[in-house]
Amino acid sequence: MANPVDYRPKPGEIPTDPGVYRFRDEHGRIIYVGKAKNLRSRLNSYFANPATLLPKTHAMVHHAASVQWTIVGSELEALQLEYTWIKEFTPRYNLAFRDDKTYPYLAVSMSEKFPRVQVMRGERRKGTRYFGPYTAGAIRETMDTLLRVFPVRSCSVGVLRRAERSGRPCLLGYIDKCAAPCVGRISVEDHQALAQDFCDFMGGEAKRFIGTLEKKMAAAVAELDYEQAARLRDDIIALKKVFERNAVVLTEDTNADIFAVEQDDLEAAVQVFYVRGGRIRGQRGWIVEKVEDATDAELWEHLMQQVYGSEDSEQDSIPRNILVPELPSNHEELSVWLGTLRKGPVSIKVPQRGEKAALMDTVQANARQAMILHKSRRAGDLTTRSLALQELQEALELPMPLLRIECYDISHVQGTNVVASMVVVEDGLTKKSEYRKFAITGDAAIDDTASMYDVITRRFRNYLAEQEQRAQNVGISGELLARPALLGTHDGGTSSGVPAGLSGGPDSDGVNGDGAETPKSKFAYPPNLVVVDGGIPQVNAASRALADLGITDVAVVGLAKRLEEVWIPDSDFPVILPRSSEGLYLLQRIRDEAHRFAITFHRAKRGKAMVASVLDTVPGMGAAKQKSLLAHFGSLKKIRAASLEELGEAKGVGPVLAQAIYDTLNAQGQNQPQAPAVNMTTGEVLD
């Protein structure tokens, strides 16, 4: 169980703006989403005396491992963003939505003869237009206000039928909140037009209706019809009230990524809101270290390339519109490139006015808060990481700073399904994009030392081959060309502190000095330190592998689990680090992460091996045809007993495949020795 004190934000980090916050567990899963008019006041209440918390809240804050927040422009925007994230992530502790209950929508059933305005939850219906979501109180008030100006039918089918039979309208008809189409006060066509006006107003055309009413009011005043003018005045006030409540919502057809940045001389915090269908569907942030003297336009160009060009982009597609504070350099070519990826036109614009510019101000506020949060957290984090790296460098007597550390672990069960993992740490932070997995077979799977030798050899042999290939492309030998990664995370992470002249990693573009493309590298630049999970045998195996490859500038150590001893090659005694050492703690975290990554891969591989079938060995038979064949015959035994003609009757099985199935299964049956008969009473083997 986590301690809320460990992840409580520091005083002053939380803004006082309205926004949406989310608690995450140790695995990064969102377990609770909430909204607040004042984020600081609300979040501080979660870290009060545990004895004063409700049982659910107490359980949630002790289950969580971190808290994040997103500031928005208003309470309504916070409500909509909270709703969107609750529906998307289904957090464990948002119990109100476990049973498919949702925030209510204002719905207009345009497919009916007499369209009906009503409050609806749950699944959407065809032919019905929806507006919202709203809180329960706000939606009732909105509906009641609009029915004053647009008296559309709001009664149930039963009430409508009863009014038609009796020839008398319901109460709403008598108080002028329904046009009473049931008794013919308004024609079917006029009532449908009234419902369409209602939808147009809710869809964003409020100013048109308000302007029309203002003209009618002025005309009534000119004719001295002050009673009519007063009624129109009240209608205008009602519409303006509803309009102001919905002004922050973008139109339904708006699909855009809206970026903003907050920066100083050394770093920049970038934020983006993903707007789909007029609603904020997600948010992402980065911290960019200004490793090169780039202008703002160049910064946006690099950002677009890395965000939309990476294969692990979190968004399903590139939107039609990308809104930025300043046009990137070569924005026309960039638009063409993005259009090729999207397979449709892409426009990069700078919003000047209106709702998009207002939303960009909100994104800018989030970027500003991200920068403040990053700087306040980095002060403590950077000190601890620097101390750990410095302690390791001094204890191991290494001449170079430990910019990059790689840790390897072997995982297997009694020599079966042998695998290995490689985890990467840069500047004391894990870099999961460069983790690697290895499957080990043959003589290399005999024992842990052979496996470790094989893995280290494969990793650095690939590095040497890629280095030689790049040297040939560039026409020189030596260091790899590189571009350090620009992007980190806005949750306090820093980008890689990789010096110029080193590879940018497996996702960097290989481009030589002449502008010609080179193949993507499987591995990044070599580490300063290799850590292996084990004692002196594993350390010596890794050291021997590096020596055989001619690599002498990479240090090797091993961390033994029993006493947490640090072993170095060809040493009779380990290096003992104090139990309170930050350097030892860093090694432990790296070792545990490598073990977790290796055992996860091993379990996945072992699980696949346990569900293997003899049908997998049939040439030309995939999973779909296996499923179809088993559905046709019912069992493998019946398939084995079937003739060629019977096999050909199964769906998707032709003569060639039927012959392959028949030959494979019969060969398997002939090679299997027949089990002897046994007397179950005496245990005697019978002839």
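K343 counts as exposed, because its relative accessibility is 79%; exposed means over 50% relative accessible area, buried under 20%, and partly exposed in between, with a 1.4 Å probe and protein chains only. The model is predicted, with pLDDT of at least 70 needed for local features and 80 or more for side-chain atom pairs, while totals for chains, interfaces and linings use all residues. Residues are numbered from 1 along each chain as its sequence is written, and side-chain values use heavy atoms, leaving out hydrogens and water.

K343 is placed in the loop between α12 (331-342) and β11 (347-349); helices (H or I, at least four residues) and strands (E, at least two) are DSSP runs numbered from the N terminus. Its phi is near 60 degrees, a positive value in a residue other than glycine. Most residues other than glycine have a negative phi. A180 also has a positive phi, near 55 degrees, and is likewise a residue other than glycine. This residue lies in the loop between α7 and α8 (188-202). Unlike K343, which is exposed, A180 counts as buried because its relative accessibility is 1%.

The protein chain as a whole has 20 helices and 22 strands. Of its 687 residues, 45% count as buried. Its accessible surface, from the Shrake-Rupley method with a 1.4 Å probe, comes to about 35,900 Å², and carbon and sulfur atoms hold 52% of that area. Contacts are taken as heavy atoms within 4.5 Å; among those with a separation of 6 or more, 62% join residues 24 or more positions apart.

Several buried residues illustrate such links. L584, in helix α16 (residues 582-610), counts as buried because its relative accessibility is 2%. Its C-alpha lies 7.8 Å from that of L392, although 192 residues separate the two in sequence. With neighbours within four places in sequence left aside, L584 is in contact with L559, E564, L577, P578 and R579. Q369 belongs to helix α13 (residues 354-395) and is buried, at 17% relative accessibility. Residues up to four places away in sequence not being counted, Q369 touches E13, P15, D17 and I71. In strand β2 (residues 30-36), Y32 is buried with a relative accessible area of 16%. Y32 and R92 are 60 residues apart in sequence, yet their C-alpha atoms are 6.5 Å apart.

Which residues of helix α2 (residues 39-46) are buried? They are L39, L43 and Y46. These residues lie on the same side of α2 because they cover an arc of only 40 degrees around the axis, the arc being that of the directions from the helix axis to the C-beta atoms. At the start of α2, a side-chain oxygen of N38 comes within 3.1 Å of the backbone nitrogen of R40.

Another buried residue, R436, at 19% relative accessibility, is found in strand β15 (residues 436-439). A polar atom of its side chain lies 3.4 Å from the backbone oxygen of S433.

At the surface, L171, Y174 and I175 make a nonpolar patch of about 350 Å². Patches consist of residues with over 30% relative accessible area and no salt bridge, with like charges joined within 9 Å and nonpolar side chains (Val, Leu, Ile, Met, Phe, Trp, Tyr) within 5 Å; a salt bridge is a side-chain nitrogen of Lys or Arg within 4 Å of a carboxyl oxygen of Asp or Glu. L171 lies in helix α7 (residues 171-174) and is exposed, with a relative accessible area of 60%.

Conventions: Polar contact = N/O pair within 3.5 Å; in protein donor to acceptor, adjacent residues only side chain to side chain.
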